[in-house]
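This report describes selected local features of one protein structure. The sequence and the coordinates are shown first.

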Amino acid sequence: MRFKFLVLSLLPGLLAAQVKPVAARVDSVLALMTLQELVGQTNQYNGFWNATGPLPVGNDWVEQRVRALKQGGVGSVLNVAGVNQVRALQKVAIEETRLGIPLIFGLDVIHGYQTLTPIPLAEAASWDLEAIQNSARAAAREATADGINWTFAPMVDISRDPRWGRVMEGAGEDPYLGSRIAEARVRGFQGDDLSDPSTLAACLKHFAGYGFAVAGRDYHTTDYSAHTLYNWILPPFEAGVKAGAATVMNAFSAANGIPATGDSALVWGELRRRMGFTGVVVSDWGSMGEMIAHGYAADVRDAAHRALIAGCDIDMESDGYLRYGVELARRNPADSIRFREAARRILSLKFQLGLMDDPYRYCGASQPDVRTDAYEMAVKSSVLLKNSGVLPLASGLRVGLTGPFAAEKNGVLGNWRVSAKDQSAQSLAEAVAGTWTYAASSPHSVGQEAFHAELTLNQTDTRANDAAIKALRKHDVLVLAVGEHGYESGEGRSRASLRLSAVQQDLVRKALATGKSVVLVVYAGRPLVLEPWIQDGAAAILWAWQPGTLGGSALADVLTGRREAYGRLPMTFPRSEGQIPLSYDGYATGRPGPKPEVFWSHYTDEPNEPAFPFGFGLSYTSFAYRDLEVTPSPEGWSATVTVRNNGTRAGSDVVQLYVGRQGNGQLYPTKSLKGFKRVILEPGSEARVRLELPREALTQRDGQGRTVAFTRGTLTITVGPNSREGLTWTTTLNP
Ligand code: BGC
């Protein structure tokens, strides 16, 4: 007891020695720690009891965790939110453990905290890095004011498979766009100074390859080439590391016969050695223990040992390190050093977050109002995929609104909303109340709606569809809010069919049969497949994704033209599921076509082309591109193009630069995005838009991860409004 008092009174002095650099301060703490306490720092528990109340009686599980906490056996927690809870738990860590080392409080602040912004894939569709950074910043302000100091975001997994529900959490299929967005999100969450109590430590996840789950089934094993690893999967992690991300999370998945949590070559070889990452690596939830189910580890002790060797610093909810860490370290001096180094990294993070100086640092701010940020992001995320001219809706039109998502206040929030209230979104029907007529159609989700549970969908009952169409048939335009619920995408929410449900198809069919203009507003956490009769029949299609708390007014403003149609697709939209995996940047084949016989790379029952290409999105005005000029510079090439607003409204377009490379002795994607810039133009005006292509942007990694320069062969530069259209310029290097 006297020792504890002594340490407690000495520790603040040791810790608060501001003059000392963090490394020296960490050393002074490490010097005080027992092996058990070192191991304790590497253990992370999920919130285990209402820390503001008494301990539940007779609950062994909770008692074990509280005991562990008081013995210094917990270094960080997740899913403990709210200033009172955070304060109460932190108080136990500070006042009731021998050394009084504070906890870190982590949470999945993925697209907002209590005020939800659109899902990350939707934000990516804005192609607006400033807006994305600002959105992450707003989430950080809200979450930190509630005691949180670490977010498990951004997810930077590249994926070409919209069956995989977690595409909603990423930035889509492209490594260049994904890298820029990874940087923007890290900067937004972390700001310039991690100890600023309005910033969160970021976590790049899931390292690595999780987005390549076989057949798009979540948690499935993955299968990708070394080329894919180096040129698609790793670049956004590298960009996030360079932007200063404090932490990285292991993936659930396995590749090349090794689960990612046990993969030394990935963590030590790629992340730490090649990318120079010095921060904390955290397992995914139970991913250490899951190495047993993978068939890789024999038992929890073995799994803990393998994860430790593979550079996993924090065990999230496998209880492997806490149960076996001391034993492992006693048996093998190398493991003891590993635990010490892991604890060193974790303590450094605690210093950087300012927690060692003030453990209650994140418990003092008042809740900021970030609704404007959420609204802005929702406006900028929606993508106009088709418009026969009906949009923006003219003010004199009589507009009828229906569809299962029109009055929806829950499913439109998105999947990751641990801290937002259920039913807290403003619906589209609310936003247009008094102006448009709303009629309820048949519901989509008809049972419990929870993060962990399967949804029950209405499969057959179309009665309300008839009533809705009957009520609205005299209107000039029918706006149909259709799609999928926020709990149909996200973790554990893979889909084999990406079509609208039969009940929704029934509604679309009946709406089209009225002969009125039908506008589809599609709420979805991924690209869906709209059959040709739907695409052709609709007068306009606006992809709303899951737009979050302020989606209603944001979408109403876009539909009525108070705001412009702004977004561009960050993922290719397939025509049918059979085309998946699909991306714009595949390799060329040895059998391109079309050819008169069957012997070329194609389907016999579906074109190769997607429904909508990567980068695509319409505006309420139209743009023409001309006069592409490319000039070499010592650093690379400058591409300049004239973009003219040919329409009658002001608007903006995202000018995109793609390269093709051929003949350098390695395969390159037929097209790769290497730059983009938004240009804003008044009607009838034009601008010369310049994009730089640095020489290094042409490099690619080979199967061993070595950088190969592009020195010889044909270089094609295409500049245009999406990955399918554009003006091209070609040169041959060192012929
Ligand atoms: C997810 C992670 C998440 C973690 C903590 C896991 O199931 O895969 O992305 O950060 O849970 O909630």
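The following text treats a helix pair, the cysteines, three buried residues with their surroundings, and some backbone features.

The model is predicted.

**Helix packing**

Helix α7, residues 129–144, packs against helix α8, residues 175–190, at an angle of about 35°. The axes of α7 and α8 are 7 Å apart, and α7 passes α8 in a right-handed crossing. On the α7 side the contact is formed by L129, I132, Q133, A136, R137, A139 and A140; α8 contributes R180, I181, A184, R185, R187, G188 and F189. Sorted by class, the contact of α7 with α8 comprises 8 nonpolar, 2 polar and 4 charged residues.

**Cysteines**

The disulfide count comes to 0. C312 is in no disulfide, and its nearest cysteine sulfur, that of C203, lies 11 Å away. Since a disulfide requires cysteine sulfur atoms within 2.5 Å, C312 therefore does not qualify at 11 Å. C312 is buried, with a relative accessible area of 1%, and C363 also counts as buried, at 7% relative accessibility.

**Three buried residues**

The location and accessibility of S652, L507 and R701 are described in turn, together with their contacts.

S652 is placed in strand β19, which spans residues 651–662. With 0% relative accessibility, S652 counts as buried. Its side chain makes a polar contact of 2.7 Å with the side chain of R678. R678 is also among the residues that S652 touches beyond four places in sequence, the others being E564, Y566, R568, S619, F623, V679 and I680.

L507 belongs to helix α18, residues 502–513, and is buried at 1% relative accessibility. The C-alpha atoms of L507 and N465 are separated by 5.6 Å, although these residues are 42 apart along the chain. N465 is in the contact list of L507, which, leaving out residues up to four places away in sequence, also holds T402, G403, P404, S441, I469 and L480.

R701 lies in strand β22, residues 700–701. Which class does R701 fall into, buried or exposed? Its relative accessible area is 18%, so R701 is buried, the limit for that class being under 20%. The side chain of R701 makes polar contacts, as the table shows for R701 and S652.

| Side chain | Partner | Distance |
|---|---|---|
| S652 | R678, side chain | 2.7 Å |
| R701 | G705, backbone oxygen | 3.1 Å |
| R701 | T707, side chain | 3.0 Å |

Outside its neighbours within four places in sequence, R701 is in contact with H227, Y230, N231, E238, R274, Q666, R706 and T707.

**Backbone features**

Most residues other than glycine have a negative phi, and most peptide bonds are trans. The peptide bond from A153 to P154 is cis, with omega near 10°; P154 is placed in the loop between β4 (150–151) and α8. Another cis peptide bond joins K205 and H206, with omega about 0°, and H206 lies in strand β5, residues 203–207.

D319 is not a glycine, yet its phi is positive, at about 55°. D319 is located in the loop between β10 (315–316) and α13 (320–331) and is buried, with a relative accessible area of 15%. D627 likewise has a positive phi, near 55°, in a residue other than glycine. Strand β17, residues 623–633, is the place of D627, and at 46% relative accessibility D627 counts as partly exposed.

Note on methods: Residues are numbered from 1 along each chain as its sequence is written. This is a predicted model: local features need pLDDT of at least 70, side-chain atom pairs count only at pLDDT 80 or more; totals for chains, interfaces and linings use all residues. Side-chain values use heavy atoms; hydrogens and water are left out. Axes are lines fitted to C-alpha atoms, for helices over the stretch in contact, and angles run from 0 to 180 degrees between N-to-C directions. Helices (H or I, at least four residues) and strands (E, at least two) are DSSP runs, numbered from the N terminus. A crossing is left-handed if the near helix is turned anticlockwise from the far one by less than a right angle, and right-handed if clockwise. Contact means heavy atoms within 4.5 Å. Ala, Val, Leu, Ile, Met, Phe, Trp, Tyr, Cys and Pro count as nonpolar, Asp, Glu, Lys and Arg as charged, and the others, Gly among them, as polar. Buried means under 20% relative accessible area, exposed over 50%, partly exposed in between (1.4 Å probe, protein chains only). A polar contact is a pair of N or O atoms within 3.5 Å; within protein, one must be able to donate a hydrogen and the other to accept it, and residues adjacent in sequence count only if both atoms are side-chain atoms.
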